[in-house]
Amino acid sequence: MASATYDCSDPDDRTAGLAAAARAVRAGRLVVLPTDTVYGIGCDAFSATAVAALLKAKNRGPDMPVPVLVGSWTTIDGLVLGVPRTARDLIEAFWPGGLSIVLPHAPSLAWDLGRTRGTVMLRMPLHPVALELLRDVGPMAVSSANVSGQSPAASATDAEAQLGASVSVYLDGGPSGEPVASTVVDLTGDAPRVLREGAVSTADVAEVLGREVVVA
């Protein structure tokens with residue numbers, strides 16, 4: 001099936017594109033969407049076949065699990081084992097935005113995001129197109145829209161040049177801003193750990209939590 005690209009700066013094309021992307025996700029196919037960091041390649045988080053196709057498109061193995069994007073704060077309640085106060089504080093301070101949180105996922109969930117060791121990385125992006133799609137289809141497994149080892153895509157054109165026909169729908173939201181990755185905070189242990197510093201500084205994370213934060 002040929003790929004289709006939709007210009008989300010045009011209201012009619014945006015509406016058509018979001019509908020096409022939602023159909024593709026529900027059918028287990030891949031879509032490219034703009035986020036507040038870089039472009040992402042995404043699929044239904046609960047389809048192991050779709051996640052496997054995503055990893056194949058990126059030429060990446062399951063050793064680097066795929067993060068999950070959500071469209072609202074409350075979505076995570078059904079995805080994780082529990083939401084500690086530290087997570088609530090960080091969500092209230094930085095979501096939607098450039099902060100990813102690692103928590104133990106709910107054991108009842110039937111998903112396969114790679115070798116997660118029982119955890120999931122969650123983020124709510126600050127981008128209207130991404131949020132509209134996520135609120136329609138639910139949680140999506142989303143990774144940077146590039147082939148492993150190449151530069152993350154800062155535009156839909158960049159993404160298509162790398163991923164081609166492996167993706168069904170490209171949502172073109174214009175060029176992304178500075179290609180800054182999200183900050184990743186691991187809340188699975190006794191103390192919060194910053195696994196990667198990105199869009200949100202470690203100092204800001206520590207200020208919200210009211211305690212020192214270890215950088216892994």
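**Exercise 1.** In this predicted model, which residue of strand S11 is the bridge partner of Val194, and how does the chain get from S10 to S11?

*Solution.* Start at Val194 and look towards S11, where the bridge partner of this residue is Val215. Next, follow the chain itself, which leaves S10, passes through helix H6 (residues 202-209) and then reaches S11, making a β-α-β crossover that is right-handed. Finally, consider the pairing of the two strands: S10 and S11 (residues 214-215) run in the parallel sense and are joined over two bridges.

**Exercise 2.** Do S9 and S10 run parallel or antiparallel, and how many bridges join them?

*Solution.* Take strand S9 (residues 183-186) and strand S10 (residues 193-196), and trace the direction of each, which shows that they run antiparallel, with three bridges joining them. As one point of reference, Val185 stands opposite Val194 in S10. The stretch of chain that links the two strands holds six residues, and S9 and S10 together form a hairpin.

**Exercise 3.** In what order do the strands lie in the open sheet, and which are the edge strands?

*Solution.* Moving across the sheet, the 11 strands come in the order S1-S8-S2-S3-S7-S4-S6-S5-S9-S10-S11, and their pairing is mixed. At the edges lie strand S1 (4-7) and S11, each of which pairs on one side only. Within the sheet, strand S5 (residues 99-104) and strand S6 (residues 119-123) run antiparallel and are joined by four bridges, and Pro104 has Thr119 in S6 as its bridge partner. As a last step, turn to helix H1 (residues 11-26), which packs on the sheet and touches S1, strand S2 (31-33), strand S3 (40-44), strand S7 (140-144) and strand S8 (169-172), while its direction makes about 145° with that of S8.

**Exercise 4.** How many residues has the largest nonpolar core, and which helix gives the most to this core?

*Solution.* The largest nonpolar core has 50 residues, and among those with the most contacts inside it are Trp95, Leu99 and Leu122. Several elements supply at least two residues each, including S3, helix H3 (85-94), S5, S6 and helix H5 (156-163). Helix H2 gives the most, with five residues. To see the surroundings of one core member, select Leu99 and leave aside its neighbours within four places in sequence; its contacts then include Leu90, Phe94, Leu122, Val185 and Val205. To finish, locate the second, separate core, which has 19 residues, including Ala21, Ala130, Met140 and Val169.

Methods:
Residues are numbered from 1 along each chain as its sequence is written. This is a predicted model: local features need pLDDT of at least 70, side-chain atom pairs count only at pLDDT 80 or more; totals for chains, interfaces and linings use all residues. Side-chain values use heavy atoms; hydrogens and water are left out. Two strands pair if DSSP finds at least two bridges between them. A crossover is right-handed if, with the strands pointing away from the viewer, the path from the first strand over the helix to the second runs clockwise. Contact means heavy atoms within 4.5 Å. Axes are lines fitted to C-alpha atoms, for helices over the stretch in contact, and angles run from 0 to 180 degrees between N-to-C directions. A nonpolar core is a set of buried Ala, Val, Leu, Ile, Met, Phe, Trp, Tyr and Cys residues joined through side-chain atoms within 4.5 Å. Buried means under 20% relative accessible area, exposed over 50%, partly exposed in between (1.4 Å probe, protein chains only).
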